[in-house]
Amino acid sequence: KNGQFKEAVETYDAILGLRPGEQDAYFLRGCALLEISEYERAKADFDKTLSMDPHNYDRLIQVYEALAHHGYQTAGREYLTSALENGGKSLDVYDSGRIYYYLGEYQKAYIALETAKESGGAESFLYLGRAYEATGDYNYATNVYNSYLAKAGGNAEVYNQLGICEMAKGEYAKALTAFQAGKQLEDSEYLQALSYN
């Protein structure tokens, strides 16, 4: 967090020397290595952390996002594609929908996520809404967010995404209402974004 990436790598080296099974350390060292342009070593760390828990799709997406952020989107997509091909029964509709979303295959994403939202929580609705947003269908995305809020009640992240959607449609009064409703929940993680929007 302090921008001392070489020192971070050295610290993770020490941690892994003592605890070679520490998955988080491999992932975080990989992120630090990307920051100092050591892609090959970073990729080896990402390979290691994913091999330790091949069905951890949250970590898979974190790896993809780290690689994409540093310009290695193609390598990140290879991880995602491999997970789709090799996930088998461990890959449920929610996880496959998320992976399709990050691959940019939005139609496949919202087919999977429509199924996942029946039993899923806010995350299923958020990914489904974002998939529709990515195709420019802000009306349907708005419906997705509103249906979650009607079903489950307040969620600051959903209100924030709903407000962004309403702004994209030029519905600024509705956007303001959504942001204000989100702020009322006093979720510290989203309070700043809601206030800014």
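Here are some friendly notes on the helix packing, salt bridges and acidic residues of this predicted model.

1. Let's start with helix 4 and helix 6. Helix 4 covers residues 57–69, and helix 6 covers residues 93–103. Their axes come within 11 Å and cross at roughly 5°. Angles under 35 degrees count as roughly parallel, and helix 4 and helix 6 are therefore roughly parallel to each other. On the helix 4 side the contact uses Tyr57, Asp58, Leu60, Ile61, Tyr64 and Glu65, and on the helix 6 side Asp95, Arg98, Ile99 and Tyr102. By class, this contact has six nonpolar and four charged residues, with no polar ones.

2. Helix 6 also packs against helix 8 (residues 122–134), at an angle of about 30° and with the axes 10 Å apart. Helix 6 and helix 8 are therefore roughly parallel to each other as well, and their crossing is left-handed. Tyr94, Arg98, Tyr101 and Tyr102 of helix 6 meet Glu123, Ser124, Tyr127, Arg130 and Ala131 of helix 8. Here the residues divide into five nonpolar, one polar and three charged. You may like to look at Arg98 and Tyr102 on screen: both are listed in the contact with helix 4 and in the contact with helix 8.

3. On to the charged pairs. Side chains of opposite charge can pair when their charged atoms come close. A search of the whole structure finds twelve salt bridges. One of them joins arginine 29 to aspartate 13, with the closest N and O atoms 2.7 Å apart. Arginine 29 sits in helix 2 (residues 23–35) and aspartate 13 in helix 1 (residues 5–18), so the pair ties together parts that are 16 residues apart in sequence. Arginine 29 is buried, at a relative accessible area of 13%, whereas aspartate 13 counts as partly exposed at 32%.

4. Aspartate 45 belongs in the same part of the story: salt bridges that share partners join Asp13, Arg29 and Asp45 into one network. Aspartate 45 lies in helix 3 (residues 39–52) and is buried, with a relative accessible area of 5%. Leaving aside residues up to four places away in sequence, aspartate 45 touches Tyr26, Arg29, Gly30 and Leu33.

5. Two further salt bridges link distant parts of the chain. Aspartate 24 and arginine 59 meet at 2.8 Å, N to O, and this pair connects helix 2 with helix 4 across 35 residues. Aspartate 24 is partly exposed at 38%, while arginine 59 counts as buried at 11%. Arginine 130 pairs with glutamate 157, the closest N and O atoms being 3.0 Å apart. That pair connects helix 8 with helix 10 across 27 residues. Arginine 130 is buried at 18% relative accessible area, and glutamate 157 is buried at 15%. Arg130 is also one of the helix 8 residues that meet helix 6.

6. Finally, a pair of glutamates to set side by side. Which is buried and which is exposed, glutamate 166 or glutamate 189? Glutamate 166, in helix 10 (residues 156–168), is buried with a relative accessible area of 6%. Not counting residues up to four places away in sequence, glutamate 166 touches Thr142, Glu171, Lys174 and Ala175. Glutamate 189, in helix 12 (residues 188–196), is exposed at 61%. The C-alpha atom of glutamate 189 is separated by 8.6 Å from that of alanine 156, 33 residues away along the chain.

Conventions
Residues are numbered from 1 along each chain as its sequence is written. This is a predicted model: local features need pLDDT of at least 70, side-chain atom pairs count only at pLDDT 80 or more; totals for chains, interfaces and linings use all residues. Side-chain values use heavy atoms; hydrogens and water are left out. Axes are lines fitted to C-alpha atoms, for helices over the stretch in contact, and angles run from 0 to 180 degrees between N-to-C directions. Helices (H or I, at least four residues) and strands (E, at least two) are DSSP runs, numbered from the N terminus. Angles under 35 degrees count as roughly parallel, over 145 as roughly antiparallel, 65 to 115 as roughly perpendicular and the rest as oblique. A crossing is left-handed if the near helix is turned anticlockwise from the far one by less than a right angle, and right-handed if clockwise. Contact means heavy atoms within 4.5 Å. Ala, Val, Leu, Ile, Met, Phe, Trp, Tyr, Cys and Pro count as nonpolar, Asp, Glu, Lys and Arg as charged, and the others, Gly among them, as polar. Buried means under 20% relative accessible area, exposed over 50%, partly exposed in between (1.4 Å probe, protein chains only). A salt bridge is a side-chain nitrogen of Lys or Arg within 4 Å of a carboxyl oxygen of Asp or Glu.
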